[in-house]
Amino acid sequence: MKITVNTLHKLAAEGQKITMLTCYDASFASLLDEAGVEILLVGDSLGPVMQGIDSTLPVSEDEMAYHIRCVARGAKNALILGDMTFGAYQQSPQQAFAHAARLLQAGAHMVKLEGGAYMAETTRFLVERGVPVCSHIGLTPQFVNAFGGYRVQGRGDDGQRVLNDAKALAEAGASLIVMECVPAALAKEITETVNVPTIGIGAGVDTSGQVLVLHDMLGVYPGKKAKFVKNFMEEAGSIQGAVQAYIKAVKDKTFPSAEHTY
């Protein structure tokens with residue numbers, strides 16, 4: 001079954017969890033697609049996991065379009081979500097549209113952009129011109145220098161800011177909201193408040209779905225492991241088995257557990 005924006009909204013409305021994994025090439029795209037992963041995120045995480053650089057910031061528009069084309073060749077049913085790269089969409093809505101158009105032409109079905117309520121105007125501009133948008137709030141890796149590191153967002157009084165971000169972006173027309181490294185209680189409140197599906201990564205079990213970086217989920221990334229990461233290869237015995245275990249754990253709400261939650 002071809003996964004569309006409408007499919008995601010239907011799954012969320014029915015209380016069925018949505019699965020997302022990052023993907024950067026045709027072979028893994030085919031494997032994940034056949035396993036039933038609903039969303040393949042061609043993330044700027046390709047910088048650290050594919051290129052060996054220490055952040056997502058240097059990933060270029062050309063590189064993102066290249067990897068989207070690779071994934072599009074391998075996927076038949078999954079929705080392909082492409083990351084907007086640092087510096088290619090923050091200047092103006094018009095700049096963002098030009099970047100988004102290129103990613104859609106490469107094979108993406110939706111684009112993801114980082115930032116809170118101040119990105120609502122850009123989100124609305126894209127949606128009005130036929131570009132489905134996934135908003136990314138909470139810990140936004142492209143802001144690592146401003147945050148002073150990879151830190152949990154939305155604790156205490158800061159929770160209202162993150163909630164307001166989610167409301168503004170949903171009202172602007174975002175089709176999906178990714179929440180990274182936010183307290184589980186806040187993520188649950190946001191999921192119950194906005195009228196679009198939410199995807200968590202380090203945001204507890206009560207979001208509409210979950211995402212992990214593929215290389216983290218398979219236990220092959222040599223860098224520091226975040227609290228929200230689980231290595232599904234440890235007991236699976238094969239890549240296919242690990243992917244199937246991830247899907248099952250998300251669908252039956254056993255992942256993330258308390259140990260993966262803020």
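Welcome! A good place to start is Lys112, which touches Leu41, Leu81, Gly82, Asp83, Met84, Cys134, His136 and Val178, leaving out residues up to four places away in sequence. Please keep in mind that this is a predicted model. From Lys112 we can move on to the positions that UniProt lists as a binding site in an unreviewed entry: Asp44, Asp83 and Glu114. These three span 71 residues in sequence, yet no two of their C-alpha atoms are more than 11.2 Å apart, so they gather at one spot.

**Lys112**
- Lys112 belongs to strand E4.
- With a relative accessible area of 3%, Lys112 is buried.
- The side chains of Lys112 and His136 are joined by a polar contact of 2.9 Å.

**Glu114**
- Glu114 is found in strand E4, which covers residues 110-114.
- Is Glu114 buried or exposed? Its relative accessible area is 3%, so Glu114 counts as buried.
- Beyond residues up to four places away in sequence, Glu114 touches Asp44, Tyr89, Met119, His136, Thr140, Pro141, Gln142 and Phe143.

**Asp44**
- You will find Asp44 in the loop between strand E2 (39-42) and helix H3 (46-51).
- Asp44 is buried, at 4% relative accessibility.
- Setting aside neighbours within four places in sequence, Asp44 is in contact with Thr56, Val59, Met64, Asp83, Met84, Glu114 and Gln142.

**How the pieces meet**
- Asp83 is among the contacts of Asp44, and Asp83 is also one of the residues that Lys112 touches.
- His136 is touched by Glu114 and makes a polar contact with Lys112 through their side chains.

Conventions
Residues numbered from 1 in each chain as written. Predicted model: local features only at pLDDT ≥ 70, side-chain atom pairs only at ≥ 80, totals over all residues. Heavy atoms only, no water. UniProt positions renumbered as here; feature names shortened; annotations may be inferred. Helix = DSSP H or I, 4+ residues; strand = E, 2+ residues; numbered from the N terminus. Buried < 20%, exposed > 50% of the residue type's maximum accessible area, 1.4 Å probe, protein only. Contact = heavy atoms within 4.5 Å. Polar contact = N/O pair within 3.5 Å; in protein donor to acceptor, adjacent residues only side chain to side chain.
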